Amino acid sequence: FDGKNRKELWQSGKLQPPDTLMAQVFDISEVEFSALNAEVQANRINTLPTNELIQGIYEELGLNFTSERIKSGFINDAINIALRGRPRALQDKRLSHEREDIDLKKAIKLFSNELTFIDSINPKPDIFVTGVLAGALIMLGTHRDLQEFFTRVNNRQGEHKNNLEDPVAGLIRTIERHRIDDRSMPAMLSIELCRKTIQAVTLWEEGDESPLYWRRKLVSGIDHMPYIREMKRAKHIDGERDL
């Protein structure tokens, strides 16, 4: 117990207070107190679960999300894939562009518009899994007009014609297939889903008159790194080592 716990127990009558108390008083300067307080705050932040740290960043930035998927703060891996191509655990710290951790506050501010849109459609957690969220951040971040596409995906509003499916239906089926697969490497699965989300977007952009639009086979995924580079150019963060 600390002093606060004991005081509460004494005041509630659950514990008999002692007849006398001895207190040790430390006289420290305002500068020393500020330094100690800063150290305590830093230690508290360093021990917070990542999602709680992200929720604190939301508050600092004035971002008031309402959907469970976004407000819960479980977006760290999606941000790392969107900016680096893979989760932090798979990045190589020997490489100059992967040596530093991503500055989460800068990253969330960078993607604030994309996160706000995704939050506005009340993203379903079983649809906007990590890989899909990462793909959405990348493609929305390139300033493409994809609100209808991701809204349809979230609402499972895919279309079928002559036993073929449009990119929305194809991506939904891909997500569901991955969800029931027994996979032992979720990080690699997230990268794979990111690549397939990006491919579905490119097929959607072809338009329904294109022979590429209607498919029978599931998307196989395309290289996501060129789209990450495009997004970084669009957001003018090419040289940022902490993004």
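A pocket here is an open set of grid points where a 1.4 Å probe fits, with protein on both sides within 12 Å along at least five of seven lines. The model is predicted. In the largest pocket there is about 280 Å³ of space, and in the second largest pocket about 200 Å³. The points below cover these two pockets, helix H3, and some residues with positive phi.

**Largest pocket**
- The lining consists of 15 residues, and Leu83, His97, Arg229, Lys232 and Asp238 are the closest to the pocket centre.
- Two or more lining residues come from each of helix H5 (76-84) and helix H12 (225-234).
- The biggest contribution to this lining is that of H12, which gives five residues.
- By class, nine lining residues are charged, four are nonpolar and two are polar.

**Second largest pocket**
- The residues that line the second largest pocket are Leu48, Thr50, Leu53, Asn76, Asn80, Arg88, Asp101, Ile102 and Leu104.
- At least two of the lining residues are supplied by helix H3 (50-61), and at least two by H5.
- This lining divides into four nonpolar, three polar and two charged residues.

**Helix H3**
- H3 has twelve residues, which at 1.5 Å a residue should span 16 Å; the C-alpha atoms at its ends are 16 Å apart, so the expected and modelled spans agree.
- Asn51, Ile54, Ile57 and Tyr58 are the buried residues given for H3.
- These buried residues lie on the same side of H3, because the arc they cover around the axis is only 110°.
- Glu59 and Glu60, on the other side of H3, are exposed.
- The cover over the buried residues of H3 includes helix H4 (68-71), H5 and helix H6 (104-110).
- Gly62, just after H3, has a positive phi of about 75°.

**Positive phi outside glycine**
- Arg156 is not a glycine, yet its phi is positive, at about 55°.
- The loop that holds Arg156 runs between helix H9 (147-154) and strand S1 (160-161).
- Arg156 has 34% relative accessibility and therefore counts as partly exposed, the class between under 20% for buried and over 50% for exposed.
- His236, also a residue other than glycine, has a positive phi near 60°.
- His236 sits in the segment after H12.
- The relative accessible area of His236 is 69%, so this residue is exposed.

Key
Residues are numbered from 1 along each chain as its sequence is written. This is a predicted model: local features need pLDDT of at least 70, side-chain atom pairs count only at pLDDT 80 or more; totals for chains, interfaces and linings use all residues. Side-chain values use heavy atoms; hydrogens and water are left out. On a 1 Å grid over the protein atoms alone, a cavity is a set of points where a 1.4 Å probe fits but cannot get out, and a pocket is an open set with protein on both sides within 12 Å along at least five of seven lines; lining residues have an atom within 4 Å of a point. Grid points are joined across faces, edges and corners, and a volume is the space filled by probe spheres set on the points. Helices (H or I, at least four residues) and strands (E, at least two) are DSSP runs, numbered from the N terminus. Ala, Val, Leu, Ile, Met, Phe, Trp, Tyr, Cys and Pro count as nonpolar, Asp, Glu, Lys and Arg as charged, and the others, Gly among them, as polar. The expected span of a helix is 1.5 Å times one less than its number of residues. Buried means under 20% relative accessible area, exposed over 50%, partly exposed in between (1.4 Å probe, protein chains only). The arc is that of the directions from the helix axis to the C-beta atoms. Contact means heavy atoms within 4.5 Å.
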